[in-house]
Structures are given as C-alpha cells and as structure tokens.
Amino acid sequence: VQLQASGGGLVQAGGSLRLSCAASGSIFSINAMTWYRQAPGKQRELVADITRDSITNYAGSVKGRFTVSRDNAKNTVYLQMNSLKPEDTAVYYCSADARSTRWDASRSYWGQGTLVTVSS
C-alpha cells in the first residue's frame, strides 16, 4: 500500500487549504485513516482521524476549523483546513490502517508528507 499526500502550500493566516491523501497499490481493505502533523522542533501530533464508517475525531487545537472526510471508492482521505493560523505550519502526514491482501494483518502505512506554511 502506498500513500500519496498532496495539497500543501503557502497560505496567509485566515486562509484555507485542502489536503488529499490517496492510497494505491495492493489494497484489500482500509480501516482508519489519520492525519498527523509535525512542526519544526516539535513532536508529531495527531490532527484528525476517520473510520471507514466516517466516524471522526479531532485534536482540540483544530476542532471547528478542520474537517476530515474520505471517499472509500477512491481510497482517499481529505483534510479541509479553514481559518488557518501560523501555528498550523507543519509537515502534514497521512496514515492508513490497511490490509494489503486478505491474508495480511492490518498494519499502518504512511505517506511522505506535504508542507503547509501559514504566514501571519
């Protein structure tokens, strides 16, 4: 399973961005999909996750501003980020709990990350 994140860029504070993360390759099933971020000099933190049935969970710092969604037919997860703040600046990573084949146990797969920079 390969994950490809896209949609990062430079935006002014108060602006919006939409990140996408598409899974490809040998995929039997995908369960939870998660967005993480890592700011310079800080530990990676969970931003939002979504189950296959679209039950969502958010970090307190983004609740009400970010929305996670997914398209199971496209094996893609999205992160709509509104009212962006300079403190949202980070590399954003996607992760998926997936089974590559019916014989495999579920494991976590990671994308390469996409940089979001919010200027003040």
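1. In this predicted model, four strands make up an open sheet whose order is S1-S3-S8-S7, with antiparallel pairing. Its edges are formed by strand S1 (2-6) and strand S7 (66-71), each of which pairs on one side only. On average, and with direction ignored, neighbouring strands of this sheet are turned by 15° against each other.

2. Within that sheet, a reader new to the structure may wish to start at the step from S1 to strand S3 (residues 17-24), where the two strands run antiparallel and are joined by five bridges. One position to look for here is Ala-5, whose bridge partner in S3 is Cys-21. Cys-21 deserves a second look, since it also takes part in the disulfide described next.

3. The structure holds one disulfide, and it joins Cys-21 to Cys-94, with an S to S distance of 1.9 Å. The link of Cys-21 and Cys-94 is right-handed, with 55° about the S-S bond. It connects distant parts of the chain, given that Cys-21 sits in strand S3 while Cys-94 sits in strand S9 (residues 90-99), 73 residues apart. Are the two cysteines, Cys-21 and Cys-94, buried or exposed? Both Cys-21 and Cys-94 are buried.

4. Strand S9, which carries Cys-94, is mostly covered, as seven of its 10 residues are buried. With which strands does S9 pair in the antiparallel sense? Eight bridges connect S9 with S4, four connect S9 with S10, and three connect S9 with strand S11 (residues 114-119), the pairing being antiparallel in each of these cases.

5. Particular residues help to locate these pairings in the model. Ser-95 in S9 is the bridge partner of Thr-34, and Ser-95 also stands opposite Trp-110 in S10. For the pairing with S11, Ala-90 can be used as a guide, as it stands opposite Val-116 in that strand.

6. The structure holds one aromatic pair. The ring centres of Tyr-36 and Trp-110 lie 4.9 Å apart and the ring planes meet at 35°, so the pair counts as tilted. Because Tyr-36 belongs to strand S4 and Trp-110 to strand S10 (residues 107-110), the pair ties together parts that are 74 residues apart in sequence. Trp-110 is partly exposed, with a relative accessible area of 39%, and this is the residue that stands opposite Ser-95 in the pairing noted above.

7. Arg-37 is also found in strand S4 (residues 29-38). Is Arg-37 buried or exposed? Its relative accessible area is 6%, and it is therefore buried, the cut-off for that class being under 20%. Which side chains make polar contacts with the side chain of Arg-37? The side chain of Glu-45 makes such a contact at 2.6 Å, and the side chain of Tyr-92 makes another at 2.9 Å.

8. The wider surroundings of Arg-37 are also worth tracing in the model. When its neighbours within four places in sequence are left aside, Arg-37 is in contact with a set of residues that includes Gln-43, Arg-44, Glu-45 and Val-47, and also Ser-61, Val-62 and Phe-66. Among the other contacts of Arg-37 are Glu-87, Asp-88, Ala-90, Val-91 and Tyr-92. Of these, Ala-90 has already been mentioned as standing opposite Val-116 in S11.

9. Two loop residues merit a check of their backbone. Asn-75, although not a glycine, has a positive phi of about 50°, and its place is in the loop between S7 and strand S8 (76-81). With a relative accessibility of 23%, Asn-75 counts as partly exposed.

10. Ser-83 is the other residue to inspect, with a positive phi of about 50° although it is not a glycine. Where is Ser-83 found? Its position is in the loop between S8 and S9. At 41% relative accessibility, Ser-83 counts as partly exposed, because that class covers values between the 20% limit for buried and the 50% limit for exposed residues.

Methods: Residues are numbered from 1 along each chain as its sequence is written. This is a predicted model: local features need pLDDT of at least 70, side-chain atom pairs count only at pLDDT 80 or more; totals for chains, interfaces and linings use all residues. Side-chain values use heavy atoms; hydrogens and water are left out. Buried means under 20% relative accessible area, exposed over 50%, partly exposed in between (1.4 Å probe, protein chains only). A polar contact is a pair of N or O atoms within 3.5 Å; within protein, one must be able to donate a hydrogen and the other to accept it, and residues adjacent in sequence count only if both atoms are side-chain atoms. Contact means heavy atoms within 4.5 Å. Two strands pair if DSSP finds at least two bridges between them. Axes are lines fitted to C-alpha atoms, for helices over the stretch in contact, and angles run from 0 to 180 degrees between N-to-C directions. A disulfide is a pair of cysteine sulfur atoms within 2.5 Å. Rings of Phe, Tyr and Trp (its six-membered ring) pair if their centres lie within 6.5 Å; planes under 30 degrees apart count as stacked, over 60 as edge-to-face and the rest as tilted.
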